[in-house]
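This briefing is a guided reading of one protein chain, written for someone who is new to looking at structures. Please keep the sequence and the 3D view side by side while you work through the topics below.

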Amino acid sequence: MKKRFTSGFSLVELTLALGVASFCLIALVGLMPVGVMTNRNATSQTAATNIMAAVVADLRATPTFNTSSTEFGIIFGTNATLYFDGTGQFATSLGANSRYQLNVTWYGSAGLGYADLKVTWPAPATAANASGFAEMFAAFHRN
């Protein structure tokens, strides 16, 4: 008589494998909020950088005989606050769709001006309780 061996897993092996798999899944589920938060912060940081780059490009492209920028209407030498929504549209006042707040602070003389651009989010937050910010310092020769 030949003995037949059937291969398979015992109940103990199966229980241990399910325990190890569930432990790994719990660790992965615990990391999901961290990943989502990191993704949100990276997206906001990129949008803030793009806003500042657009404003600096607008200010640098403004002819020297103009006192304000052509696209955003920022007056050279005068501090300004602009609000941007998620699509990049700007407004001069805080609105329901405002997501980012840009503060432009001017330093220097009339011929050579320095601008400190700081974007904070969310837009209604103050600098002390903002979720994040990005800042840039730019020089403008206006002679």
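Helices (H or I, at least four residues) and strands (E, at least two) are DSSP runs, and they are numbered from the N terminus. With that naming in hand, P122 can be placed in the loop between β4 and β5. Please bear in mind throughout that this is a predicted model.

**A cis peptide bond**

- The peptide bond that runs from W121 to P122 is cis, with omega near -5°.
- As background for this point, most peptide bonds are trans.

**The nonpolar core**

- The largest nonpolar core has 22 residues, and among those with the most contacts inside it are V55, I74, F84 and W106.
- The elements that give two or more residues to this core are helix α1 together with β1, β3 (100–108), β4 (112–121) and β5.
- Which element gives the largest share of this core? The largest share comes from α1, which supplies 6 residues.

**Aromatic pairs**

- A pair of aromatic rings is described by two values, namely the distance of the centres and the angle of the planes.
- The structure holds 8 aromatic pairs, and one of them is formed by F72 and F84, which meet edge-to-face at 5.9 Å centre to centre with 65° between the planes.
- This pair links distant parts of the chain, since F72 belongs to the loop between α1 and β1 (80–84) whereas F84 belongs to strand β1, 12 residues apart.
- Are F72 and F84 buried or exposed? F72 has a relative accessible area of 7% and is therefore buried, and F84, at 2% relative accessibility, counts as buried too.
- The rings of F76 and F140 have their centres 6.4 Å apart and their planes at 80°, so this pair is edge-to-face.
- F76 lies in the loop between α1 and β1 while F140 lies in strand β5 (residues 132–141), so the pair ties together parts of the chain that are 64 residues apart in sequence.
- Buried means under 20% relative accessible area, so F76 counts as buried at 17%, and F140 counts as buried at 3%.
- F72 and F84 also appear together with F90, and these three residues form one aromatic cluster.

**A charge over a ring**

- K118 has its place in strand β4, and the charged end of K118 sits over the ring of F133, 4.6 Å from the centre of that ring.
- With a relative accessible area of 24%, K118 is partly exposed.
- The C-alpha atoms of K118 and M52 are separated by 7.9 Å, although these two residues are 66 residues apart along the chain.

**A loop residue and its partner along the chain**

- P63 lies in the loop between α1 and β1, and at 28% relative accessibility P63 counts as partly exposed.
- How many residues apart along the chain are P63 and R142? They are 79 residues apart along the chain, and their C-alpha atoms are separated by 8.5 Å.

**A nonpolar patch on the surface**

- L25, L28, L31 and V34 form a nonpolar patch on the surface, and together these residues have about 410 Å² of accessible area.
- V34, one of the residues in this patch, has its place in helix α1, which covers residues 11–61.

How values were computed: Residues numbered from 1 in each chain as written. Predicted model: local features only at pLDDT ≥ 70, side-chain atom pairs only at ≥ 80, totals over all residues. Heavy atoms only, no water. Patch = residues over 30% accessible without salt bridge, like charges linked within 9 Å, V, L, I, M, F, W, Y side chains within 5 Å. Areas by Shrake-Rupley, 256 points an atom, 1.4 Å probe, with all protein chains shown as cover. Salt bridge = Lys/Arg side-chain N within 4 Å of Asp/Glu carboxyl O. Phe/Tyr/Trp six-rings, centres within 6.5 Å; stacked < 30°, edge-to-face > 60°. Buried < 20%, exposed > 50% of the residue type's maximum accessible area, 1.4 Å probe, protein only. Lys NZ or Arg CZ within 6 Å of the ring centre and 35° of its normal. Core = buried A, V, L, I, M, F, W, Y, C linked by side-chain atoms within 4.5 Å.
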